[in-house]
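Biologist: I should like a close look at a single helix of this model and at the parts of the chain around it. Please set it in the context of the whole fold and treat the backbone geometry of the neighbouring loops as well.

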Amino acid sequence: MYTKDGEKYFILDAHIALWDARPENQRNVHGKQFIDCFYDYHRNLSPASELWPYEEYLYQGGERLMKDLFTDGYVDHAIFQPARLGEFYVNGFGQTQEAFALASANPDKLTYNHWFDPRDGERGLDRLRRDAEEMHLKGVKLYTADWHGDSRGYKLSDPWTYRYLEVCREVGIKNIHVHKGPTIRPLDRDAFDVADVDHVATDFTDLNFVVEHCGLPRLEDFCWIATQEPNVYAGLAVALPFIHTRPRYFAQIIGELLYWLDENRIFFSSDYALWTPKWLVETFVDFQIPEDMSEYAPLTTDQKKKILGLNAAAIYDIPVPEELQVANPPQHAEPQAVAVA
């Protein structure tokens, strides 16, 4: 919980990871390219006081994660959003067993989301069913630009992706997080295009599609899709750190999201360990859209409370103390499934 000027904020970090990019886990040069690109984002968008040495950035471990989030970072609950990247890392980038074990040991603080890749075909469907049962999954994280053999990406609208989403329905996975944001070397920019969200959100109205990084740099495309698809949400991972280096750009991002979506469909995400939540929470609570950007309404305290935690808590059924609620809590419709032709 974070407290400022007499206001109390429930903090749910909706996008964290526990990764291993150490040289012994790098399968090839692409593993180093990927983590180096991550580190460039970290050092270019972080305050000087928050910079990590490169060697520490390669692997943080569970003990440090718990300290950075829950001891120092004000976080009440956090959700793992792993990236597999098996073509770049021997044991994958996101550490499944370590992260799941940490979440299992701390269920009041951590939720583990898993991943699937529709290019795994039938065997992947069977694995998804097993994973859902063994891990009690409420959500998955998809990386449509991930490499898989000769393939350098897939679309949410692909027939095989639809088969996996149908299994998600079957096993009770309702929250589909999708990386639709900046390109990370060596992945291809177009494989992160947000256009396929429109197709799949229409056909799976009973699933929630959380677009991580809110489609950047395709914010306008994302907003035009999300305004007509009530089951599409915006994750602020990567967008939020611009609050430090380019506050007017961040004001535009949050202003557009509030204009086109609404205050109930935007999630705080630190993208740990790209960044740590402490300074992001503090800066966001203090942030206000500049007065000369008059096309956007000022941010209210209740809006900040919803974005910082109440919105994500609502779709994950995470309990929030009554004293940390707002007068008009997030409302999320419960649409019925529709048959996919």
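Modeller: The account below begins with the whole chain, turns to one helix and its surroundings, and then takes up the loops and a second helix.

The model is predicted, so local features are described only at pLDDT of at least 70 and side-chain atom pairs only at pLDDT 80 or more, whereas totals for chains, interfaces and linings use all residues. Residues are numbered from 1 along each chain as its sequence is written, and side-chain values use heavy atoms, with hydrogens and water left out.

The protein chain contains twelve helices and ten strands; here helices (H or I, at least four residues) and strands (E, at least two) are DSSP runs numbered from the N terminus. Its radius of gyration is 19 Å, close to the 20 Å that the globule rule gives for 341 residues, so the chain is as compact as a globular protein of that length. That radius is taken over C-alpha atoms, and the rule is 2.2 Å times the number of residues to the power 0.38. The C-alpha trace spans about 55 × 50 × 40 Å along its principal axes. Of the 341 residues, 58% are buried, where buried means under 20% relative accessible area, exposed over 50% and partly exposed in between, with a 1.4 Å probe and protein chains only. Among contacts in the chain with a separation of 6 or more, 78% are between residues 24 or more positions apart; a contact means heavy atoms within 4.5 Å. The chain exposes about 14100 Å², of which carbon and sulfur atoms supply 49%; accessible areas come from the Shrake-Rupley method with a 1.4 Å probe, and for residues only the protein chains shown count as cover.

The helix chosen for the close look is H10, residues 247–260. Its 14 residues should span 20 Å at 1.5 Å a residue, and the end C-alpha atoms are indeed 20 Å apart; the expected span is 1.5 Å times one less than the number of residues. The buried residues of H10 are Phe 250, Ala 251, Ile 253, Ile 254, Gly 255, Leu 257, Leu 258 and Trp 260. They pack against helices H8 (219–226), H9 (242–245), H11 (277–286) and H12 (301–316), and against strands S9 (232–235) and S10 (266–267).

Leu 258 illustrates this packing. With 18% relative accessibility, Leu 258 counts as buried. Beyond its neighbours within four places in sequence, Leu 258 is in contact with Glu 263, Ile 266, Leu 299 and Gln 303. Leu 299 is 41 residues away along the chain, yet the C-alpha atoms of Leu 258 and Leu 299 are separated by 9.2 Å.

Helix H12, one of the elements against which H10 packs, also contains Tyr 316. Tyr 316 is buried because its relative accessibility is 1%. Not counting residues up to four places away in sequence, Tyr 316 touches Ile 79, Gln 81, Thr 111, Asn 113, Lys 138, Gly 139, Asn 175 and His 177. The C-alpha atoms of Tyr 316 and Lys 174 are separated by 8.9 Å, with their positions 142 residues apart along the chain.

The loops hold several backbone features. Most residues other than glycine have a negative phi, and most peptide bonds are trans. Val 238, in the loop between S9 and H9, has a positive phi of about 75° although it is not a glycine; at 8% relative accessibility, Val 238 counts as buried. The loop between S8 (208–212) and H8 contains Pro 217 and Cys 214. Phi of Cys 214 is positive, near 45°, and Cys 214 counts as buried at 0% relative accessibility. A cis peptide bond, with omega about 5°, joins Leu 216 and Pro 217. Another cis bond runs from Arg 185 to Pro 186, with omega near 10°, and Pro 186 is found in the loop between S7 (175–179) and H7 (195–203).

Helix H6, residues 159–171, offers a second example of helix geometry: its 13 residues reach 19 Å from first C-alpha to last, close to the 18 Å expected at 1.5 Å a residue. Thr 161, Tyr 162, Tyr 164, Leu 165, Val 167 and Cys 168 are buried in H6, and their cover includes H5 (121–135), S7, H7 and S8. Just after H6, Gly 172 takes a positive phi of about 90°.
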